[in-house]
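Please look over the structure below. The questions and answers that follow go through its helices, sheets, core and chain contacts.

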Amino acid sequence: MEDDDLDSEISTIRAEIRTLQHRRRILSSSILASRPLQRLATKAHPQSPPSAQSQHQQQTQQWAEISPLLQSSSAHARTNHHRIGFSTTTFPFKDPSPTADTPNLLGVRIDIGLRDGTYTKPYYILLRTGTNREGKKEVSVHRHTVPAVVDVGGLERGYLPRSKVPTTTVDGEEVEAEAEAQLKPWKYKPKKQDLKGFVREVRKQLVVWHLRCDAVRYLREKLGVVRRGVDDDAAGFEEDEEGGWERDILGAAAGVGEETRIAKNDLGIVSLGPTALEAVYVRLEWEDGRVGRFKISSTGVVERAVVLGDNGRDKEMEDVITGGDGRVETLFDRLRKHGLSEREEGGDRSEHGDGGEGSEQGYGEDGSDHGDMGDESIL
Amino acid sequence: MARPKSIRAPTTASLPSNLRLPSSTPSLVKSFGKLTRQALLDLAFQWLDDRNVQSFPPYLQENEDQKEDEDEGLSPYPAERTINDVRNAYQELQLRKGGKREVIDRILEGDWRHGITLRQLAMVDLRYIDDHPASLRWTALELARIGAQQYPPDSSADMTACLPRLHASTFLNSLQQQIAPLVKAHYYLGRSTSLPLTFLRIFVTNSPYQHPRQAADSLTDASRVIYIAFPDSCPFIYTSIASTTGSKASTTATPHPVATDPRSLQRLVRDAIPKALSLPHQRYTLKATSLTAKSLQALLALRGPGRSNQSNGAFSIFADAALEGSPLDPRPSNTVSPEEHMNQQFHQQKTTEPSEPTDSTDEKKLSKRPNPHTDPREDPHVSKKRSLAVQSRFGTSGSLSSAPLDRLDVRLLDPPTPTSNPASRQTPTQTQTQTTPSLSLTFTGTDIISGIRKLAELGVVDAKRMPSWMTGEEAVSVAVVRQGSRVVKDSG
C-alpha cells in the first residue's frame with residue numbers, strides 16, 4: 001500500500017520535473033531570442049578591441065561563448081517570423097536516396113493558424129525540379145503531406161502541367177512519337193506552369209478546410225461537448241442513456257475517435273457534427289426527432305440547409321438556418337431568435353434570459369487567415 | 001422454422017436480414033466460437049437492447065405456447081418469460097466467470113433456438129474483425145474519376161469533388177441494383193469501433209430465391225463473404241478480395257458460361273462497387289494501388305485520410321512533422337527531439353509500440369548467421385555515423401510511426417552482376433532466380449520495414465547505398481524495380 005503511494009508520488013514528481021524542465025527550455029530559448037538580448041549581443045560583439053579593463057574583456061569573452069547559441073536562436077526566430085508572417089515558406093531538401101535522379105528537392109512548408117492560437121502541424125510539399133525538352137525548368141510534386149481532403153493530384157494536373165514526353169521504351173515508337181510531335185506541335189506544347197498558383201490554391205483549400213473544421217468545433221463548443229468517461233457524470237446524463245454518443249471525427253481536443261455528445265441545451269439540439277472529415281456538410285439532430293443538414297461554403301456561409309421532421313420538411317427552420325447574414329458562427333443566434341419569436345407568438349411570455357452572446361467572436365476574426373476568406377468572392 | 005411454406009419464386013431482392021439459419025447448424029458454433037466470452041456477451045446485450053430487440057427477438061415462453069408439440073423439458077435452457085429476464089440471464093453470465101462455450105450454448109440452444117438471423121451472423125463476423133484487425137488480408141484500391149475534369153475550370157466547383165460522398169442506404173440500393181440479377185446477396189454495414197472505417201459485409205449466394213433451399217452450412221461459408229472497408233474521407237477502398245484487377249483470366253477457367261463459384265461471384269460484386277458509387281456525369285473506376293497488407297492500420301497510414309499517404313521512408317519526417325515545430329516554438333529545431341516534435345502540439349499520438357522489437361522472420365534467420373558486422377559494441381564513431389544514415393534514410397518510419405507490412409514482393413529487373421552485388425545487398429530472405437535475368441525478393445514477417453531498419457542499424461544493410469524501396473518510401477507491397485527506382489506500369 002505504502003509502496004503504491006510512494007510510486008505514484010514519485011511518478012507525479014517526475015512528471016512535474018519534466019514539465020518544469022520543458023518550461024525552462026522554452027523560457028531560456030525565448031530569452032535568447034528576445035530582442036533586447038540580441039541587441040546587446042550585436043552591440044557587444046563587433047567592438048572587441050583589446051581594452052585594458054579586465055572586466056570588459058571578461059564580458060566579451062562571455063558574449064563570445066554564448067554567441068553560437070544566440071545566433072542560432074536569432075536565426076530560428078527569424079525563420080519563425082517568416083513562417084508566421086507569410087505562412088508559406090520554402091526550404092531546400094536533399095533526397096537521401098542514392099538512386100534518385102533529382103536529389104535536390106524544393107520544399108514548401110505551409111503553416112496554418114487555428115482558432116485557439118496554435119498552429120497545425122505544418123504541411124509540406126516537396127517539389128522535384130527538372131528540365132523539359134526545350135530546356136525549360138519544370139517542377140512536379142514528388143512527395144507531400146497534404147491529406148486526401150485536398151486533391152493535390154488534381155491541382156497539380158491543373159497548375160503544373162508537364163510537357164508530354166514520349167516515354168516509350170521501344171525505339172520505333174519513340175521515333176514515331178517524335179515525328180508526331182513535329183507534325184502536331186500543339187499536342188506536345190507544354191502549357192505554362194504556375195507554381196505560385198498551385199501553392200496558393202493548395203494553401204487556400206487547406207485554410208478553408210481548417211476554417212470549416214474550426215467553425216464546426218466552435219458550434220459544438222457553444223452547445224457544450226461532453227466527453228464520454230471524462231465528464232459525463234457532471235452533465236447529468238442517465239447511465240442507461242446509451243444513445244447519442246458519437247465518435248468525434250474532428251477530434252476537438254483529446255483525440256480523434258473519442259466518444260462525445262452535445263450537452264443539454266436550450267435549443268433542443270442533441271447532435272451536431274460534420275458528416276465527414278472535410279466538414280463541408282454538418283448534420284444536426286433535435287430532441288423532437290427532426291434531422292437537419294447544412295452545407296458550409298468556403299466563405300463560411302451556410303449555403304444550403306435541409307431539415308426533415310416527421311411531417312416532411314421544416315421549411316421555416318431551413319429559412320432560419322440560411323437566413324440572416326448566413327454566417328455559420330451566428331447560427332445559434334438565429335435559432336434562438338426564432339425560438340423566442342415563436343414562443344411570443346404562442347402567447348407564452350415566459351422569460352427567456354439566455355442571451356449572453358456578447359463575447360461571441362467570429363472564428364476568422366482573430367487569425368491571420370481572415371484575409372483569405374475575405375478575398376474570395378462569394379460563391 | 002427457417003423456411004416458410006410460401007411460394008418460392010426467383011426475385012431480385014437482397015437476402016433479408018431476418019432470414020434465420022437453424023441454430024443447430026454446426027458451423028454456427030464455429031463462427032461464434034471465434035469470439036471471446038466478453039465479445040459474445042456484448043453482442044447479446046446489443047441484440048437485447050431496446051432499440052434492437054425488434055430485429056433480434058429472443059425465444060420467449062409465449063413462442064413456446066404457440067407450438068405445444070415440441071418436447072418440453074428437454075432443453076437445458078427453459079424459455080424466459082420476458083425480455084428483461086433474458087437480459088438478466090446474460091447479466092448473470094457477465095458476473096460469473098466461465099468459458100465462452102456456455103454463452104454460445106445459451107445463445108444457440110436457449111434464447112435464439114429458433115434461429116440465428118443473417119444480420120446476427122454478420123454482426124458476429126464484424127465483431128471478430130474489430131477484435132482481430134489482422135485477421136484478413138486487405139487490398140487497397142483507389143477510386144479514380146473517369147474523365148477527370150481539368151483544373152482550374154472554376155474554383156467554385158465543389159471542394160470535395162475528388163471524393164464520392166456516399167449515403168449508406170442509397171449506396172447499398174444501387175449496389176444491389178447492379179448485382180441483383182446475377183448474385184443474391186446479404187448486405188450488412190457496420191462502423192468499426194476502433195478505426196475510422198466503415199465495413200460492408202456482403203454475403204453472396206448463387207440462388208435466386210429469397211429463402212434459399214441450400215444447406216444452412218453454405219450460408220455460413222466464409223469464402224462467400226466479401227468485406228469492403230470504406231475509410232473516412234479519402235478516395236480509397238479496401239477489400240478482402242484477393243485477386244487483383246488485372247487478372248481477369250483466373251486460373252480456374254470455368255467452362256460454364258455462368259460461373260457460380262464464390263470467386264466469380266466476388267468478382268461480380270467487386271465490379272459493381274465503382275458503378276454503384278458513380279453518379280451521372282461522375283463515373284468512378286477502381287484502380288489497383290499495389291498495396292496489400294494484413295494490418296488495417298498500415299492501410300490507413302499508407303492509403304488513408306491522413307498525412308502519410310505520399311510521404312514515407314525518408315519523407316516520413318514530414319508526415320509526422322518530426323523535423324520542425326510550430327512557428328511559435330522558440331526552441332531551435334535542432335535542439336528538439338523528433339518525438340517531442342511529434343507529440344507536443346497535437347494530442348498524444350497513440351504510439352502503441354515505441355520500441356517493441358518485431359520478430360520478423362528475416363531477423364530470426366539472421367541471428368543464426370554469424371556476421372562480423374553485427375557486434376553491437378563497435379566503434380562508437382562508426383555506429384553514430386550509421387545511426388545518422390539510418391535516421392536520414394528511414395525518417396521516422398519503422399520506429400516512431402509504423403505501418404506494418406507483412407509481406408513485400410519486389411522484382412528486380414536489373415540483371416544481377418557480381419560486381420554491383422556486395423555482401424550488403426544480400427538480404428536474408430528466400431530468393432528465387434527465374435529463367436529471365438531478374439530477381440524476385442519476398443520478405444515476410446510482422447513488420448518488414450522496421451525489420452529492414454533494424455538490419456540497417458546493425459550494419460547488415462548499408463543504409464547509405466540501399467535503394468529507396470527498402471525504406472518503405474514507395475508505400476507498396478508489390479513493386480517492380482529497375483535501377484533502384486520503382487517502375488510504374490501505366491496499365492495499373
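**Helices, sheets and contacts**

Q: In which hand does H4(A) pass H7(A)?
A: This is a predicted model, in which local features need pLDDT of at least 70, side-chain atom pairs count only at pLDDT 80 or more, and totals for chains, interfaces and linings use all residues. Residues are numbered from 1 along each chain as its sequence is written, with chains lettered from A and ligands numbered from 1 in the order in which they are written. A crossing is left-handed if the near helix is turned anticlockwise from the far one by less than a right angle, and right-handed if clockwise. The crossing in which H4(A) passes H7(A) is right-handed.

Q: Why does H4(A) count as roughly parallel or roughly antiparallel to H7(A)?
A: Axes are lines fitted to C-alpha atoms, for helices over the stretch in contact, and angles run from 0 to 180 degrees between N-to-C directions. The axes of helix H4 (residues 152-159) of chain A and H7(A) come within 9 Å and cross at roughly 155°. Angles under 35 degrees count as roughly parallel, over 145 as roughly antiparallel, 65 to 115 as roughly perpendicular and the rest as oblique. The crossing angle therefore makes H4(A), relative to H7(A), roughly antiparallel.

Q: Which residues in H7(A) do those of H4(A) meet?
A: Two residues are in contact if their C-beta atoms, placed from the backbone, lie within 7 Å. From H4(A) come Val152(A), Leu155(A), Glu156(A) and Tyr159(A). In H7(A) they meet Gly197(A), Phe198(A), Glu201(A) and Val202(A).

Q: At about what angle to S2(A) does H7(A) run?
A: Helices (H or I, at least four residues) and strands (E, at least two) are DSSP runs, numbered from the N terminus. H7(A) lies across S1, strand S2 (104-110), S3 and S4 of chain A. Its angle to S2(A) is about 40°.

Q: Which are the edge strands of the open sheet S1-S2-S3-S4 in chain A?
A: Two strands pair if DSSP finds at least two bridges between them. The four strands of this sheet pair in the antiparallel sense, and the twist averages 30° from one strand to the next. Pairing on one side only are strand S1 (88-94) and strand S4 (137-144) of chain A.

Q: What is the bridge partner of Gly130(A) in S4(A)?
A: Strand S3 (residues 123-131) of chain A runs antiparallel to S4(A), with seven bridges joining them. Gly130(A) has as its bridge partner in S4(A) Glu138(A).

Q: Why is one side of S4(B) and of S8(B) left without a neighbour in the sheet?
A: Six strands of chain B form an open antiparallel sheet in the order S4-S5-S6-S7-S3-S8. Strand S4 (184-191) and strand S8 (284-293) of chain B stand at its edges, so each has a single partner strand.

Q: Which residue in S7(B) stands opposite Ala229(B)?
A: Strand S6 (residues 225-231) and strand S7 (residues 236-239) of chain B pair in the antiparallel sense over two bridges. Opposite Ala229(B) in S7(B) stands Tyr238(B).

Q: Which helix of chain A supplies the largest share of the side that touches chain B?
A: In the contact between the chains, 47 residues of chain A meet 44 residues of chain B. Helix H1 (2-33), helix H3 (54-86), S3, S4 and H4 of chain A each supply at least two residues of that side of chain A. The largest share, six residues, comes from H3(A).
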